[in-house]
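Student: I would like a close look at a single part of this model, the annotated binding positions and what surrounds them. Could you take me through that part in one go?

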Amino acid sequence: MATRKLLLLPGDGIGPEAMAQVTRLIDVLNSDFNAGFETQTGLVGGSAYDAHGQSISEEDMKLALAADAVLFGAVGGPKWDSVPYEVRPEAGLLRLRKDMELFANLRPAICYPALAASSSLKPEVVEGLDILIVRELTGGVYFGDPKEIIDLGNGQKRGIDTQVYDTFEIERISGVAFELARTRQNKVCSMEKHNVMKSGVLWKEVVSATHKAKYSDVELTHMLADAGGMQLVRWPKQFDVIVTDNLFGDMLSDVAAMLTGSLGMLPSASLGAPDGVTGKRKALYEPVHGSAPDIAGQGVANPIAMIASFAMCLRYSFNMIEEADRLEKAIAEVLNDGLRTKDIMSEGMNEVGTEAMGDAIIAKYRA
Ligand code: GGG
């Protein structure tokens with residue numbers, strides 16, 4: 001059995017509590033299925049800053065680049081609000097994304113049947129919901145130059161962020177979206193704001209050209225990102241795959257998370273391009289949620305997004321499709337049994353903490 005190298009970066013706040021459930025699952029996969037996972041653990045975000053003044057060390061960056069996959073928890077918190085911008089907790093995550101060239105962020109928003117009835121939306125709006133947001137992750141306003149605050153000298157300052165997209169970046173992310181759509185309902189909706197942004201004009205043009213050149217069998221629609229947010233809440237089942245830029249993708253997937261019941265339900269995979277020789281991709285898997293400092297350390301965080309991110313890791317990095325399906329089924333079954341963490345609790349259900357939810361999912365997985 002080949003060794004599968006994983007780097008675990010639990011991070012801050014609820015990150016370590018959620019990651020602990022995945023660590024237990026990795027042990028189960030190794031003992032019950034001889035999966036051959038070998039793990040190393042590093043520091044990222046505020047915890048890395050506290051240890052050595054950087055949001056990720058050079059050593060841990062090297063481990064990330066050498067690993068078959070990185071499992072990431074969450075970063076950030078008010079404790080680090082006043083640290084210099086360059087070493088703020090989020091900078092560690094952005095560096096990982098940039099240096100590993102993880103340009104494609106897949107964020108599936110699936111409403112598990114057991115949660116549809118307790119949704120804040122009408123059950124018919126979310127029942128059977130299964131959409132995939134494909135967010136461009138290494139470009140746009142997150143990374144564009146200039147990015148600065150300048151002193152105008154008259155008691156005024158100017159904050160500048162720059163949205164930049166080149167043709168190749170839009171081509172490659174839309175290619176990922178079209179390819180994935182072919183394995184689903186064969187529909188892509190591209191979202192930008194071409195009515196006010198030049199990068200939006202180019203985005204729409206390049207997505208259309210990529211579609212025409214290689215993917216004309218896939219149904220393509222375009223929507224302004226603000227209208228897209230509204231449509232996601234009004235009738236989300238009209239969407240299959242949504243492809244959008246870095247910032248809109250971040251915002252739209254938080255909206256989509258609420259369709260699934262909670263931000264604690266949304267996993268994600270961040271993938272690079274396949275290596276020309278081995279076909280392997282660099283990859284990082286993380287829950288969409290942040291570090292939730294308000295509930296950190298209380299044992300009440302929902303570990304499902306982290307566990308479902310590990311299922312995506314099994315699927316995309318190790319082609320362990322059966323195991324990934326089995327883990328996702330275990331999550332659905334535990335929810336069917338009425339187990340709920342605080343964030344998804346509803347009347348008549350059984351409220352459990354992080355570890356008990358992890359126990360239940362592991363038990364179902366092994367059954
Ligand atoms: N697990 C997600 C997380 O910790 N997010 C914090 C963060 O840095 N967010 C910025 C972003 O994802 O764009």
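Tutor: Happy to. Helices here are DSSP runs of H or I with at least four residues, strands are runs of E with at least two, and both are numbered from the N terminus. This is a predicted model, in which local features need pLDDT of at least 70 and side-chain atom pairs count only at pLDDT 80 or more, while totals for chains, interfaces and linings use all residues. Residues are numbered from 1 along each chain as its sequence is written.

Let's begin with helix α10, residues 246–259, which holds D250. D254 is found in helix α10 as well. In an unreviewed entry, UniProt lists D226, D250 and D254 under "binding site". Those three span 29 residues in sequence, yet no two of their C-alpha atoms are more than 13.6 Å apart, so they gather at one spot. UniProt positions follow the numbering used here, feature names are shortened, and annotations may be inferred rather than shown by experiment.

How buried or exposed are the two aspartates of the helix? For this, C-beta atoms are placed from the backbone, and a residue is buried if 20 or more other C-beta atoms lie within 10 Å of its own, exposed if 12 or fewer, and partly exposed in between. D250 has 18 other C-beta atoms within 10 Å, so D250 is partly exposed. D254 has 16 and is therefore partly exposed too.

D250 also appears in the shell around the ligand, with A74, V75, G76, E90, L93, E286, P287, H289, G290 and S291. A residue belongs there if its C-beta atom, placed from the backbone, lies within 6 Å of the molecule. The shell divides into four nonpolar, four polar and three charged residues. In that scheme Ala, Val, Leu, Ile, Met, Phe, Trp, Tyr, Cys and Pro are nonpolar, Asp, Glu, Lys and Arg are charged, and the others, Gly among them, are polar.

D226 has a further role in the record: the unreviewed UniProt entry also gives a "binding site" covering R97, R107, R135 and D226. These four are spread over 130 residues of sequence and also in space, with up to 25.7 Å between C-alpha atoms. Of this set, R107 lies in strand β4, residues 104–110. R107 counts as buried because it has 24 C-beta neighbours inside 10 Å.

For the wider setting, the unreviewed UniProt entry places "domain: Isopropylmalate dehydrogenase-like" at residues 5–361. Over that stretch the chain is 42% helix and 20% strand, and the end C-alpha atoms are 23 Å apart.
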